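Visitor: Take me in for a close look at the ligand's surroundings, please. After that, carry on to whatever else is worth a stop.

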Amino acid sequence: ARTVGVLALQGGVREHAELLFGLGARVTYVRTAKDLVGPDGPRVDALVLPGGESSTIDRLLRIFDLFEPLRATIASGVPTLGTCAGLVLLAKTVLDPAPGQQSLGLLDIDVRRNAFGSQVDSAEVDLDTADGPATVAFIRAPRVDRVGPSVQVIARRGEATVGVRQGNITGIAFHPELTGTTLFHRNLLGIA
Ligand code: GLN
C-alpha cells in the first residue's frame, strides 16, 4: 500500500485519514521532520495538507522546525494535495496574510483568504472539475486570484478559480473529504 503523510499540526486531519484508509492507503501523521524524511529520503509516497487555519499551521510548522523539511520534500516531487488552508500554505503569495504569516511558495499563484465569506456562508457545492464532477464543501474558503504560466486551473466556482495543479502539486480551495468525494485522493494515489 502507498503511505500518505497527512500534516497533523492543526485542522481537519481525521477526515482525510479516514478517506485514505477507505482507499487502502497507509497514513502517517506528520508532526516532526522525522515523520517526513529518513536517512534514505522521504518516508511518504504522497502528502496531504489539510484545511484548518493557515496562519496557525504556518506558525506551528516553524515552531516545530518542519517548515523547511516540508518545503523541500514537496519540492523534490512528492505528490501533494492541499485543501483550503493547505492551498493557502502552498501559494507563492497570500494577498491578505495574517500578521507575520508565511507560505511555502511552491504553487505559482496568488490567493485571497476567506474569499467566499465567513463560517455562516459555508456551502456544499457541485463542481465540474478537470478530474470529474465533485460535490464539495466550502468553509471560509480561499480563492485563487492569479495563476502563473505553468499552473493548470482544474476547478472554478462561477468566475472564481478554486482548484489548480502545477506538476506534483494539486491545490483546492474546498473540502472533498467532508462530502466523501474521493476523486482528488484517488488521483493523489494514482488510482484515478
Ligand atoms: N480561512 C482559513 C485560512 O485562511 C481556511 C479555512 C479552511 O481551511 N476551511 O487558513
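Guide: The shell around the ligand splits into 4 nonpolar, 4 polar and 3 charged residues (Ala, Val, Leu, Ile, Met, Phe, Trp, Tyr, Cys and Pro count as nonpolar, Asp, Glu, Lys and Arg as charged, the others, Gly among them, as polar). This is a predicted model, where local features need pLDDT of at least 70 and side-chain atom pairs 80 or more, while totals for chains, interfaces and linings use all residues. Numbering starts from 1 along each chain as its sequence is written. The shell is made up of Gly51, Gly52, Glu53, Ser54, Cys84, Ala85, Val88, Arg113, Asn114, Ile139 and Arg140, each with its C-beta atom, placed from the backbone, within 6 Å of the ligand.

Now for helix H1, residues 13-22 (helices are DSSP H or I runs of at least four residues, strands E runs of at least two, numbered from the N terminus). Its buried residues are Val13, His16, Ala17, Leu19 and Leu20 (buried means 20 or more other C-beta atoms within 10 Å, exposed 12 or fewer, partly exposed in between, with C-beta atoms placed from the backbone). They span an arc of only 165° around the axis, so they sit on the same side of H1; the arc uses directions from the helix axis to the C-beta atoms. Exposed Glu18 and Gly22 are on the face turned away.

Glutamate 177, in the loop between strand S14 and helix H6, touches Gly12, Glu15, His16 and Leu19, leaving aside residues up to four places away in sequence (contact: backbone-placed C-beta atoms within 7 Å). From histidine 16 it's 161 residues away in sequence, yet 5.8 Å C-alpha to C-alpha.

Conventions. Contact = placed C-beta atoms within 7 Å.
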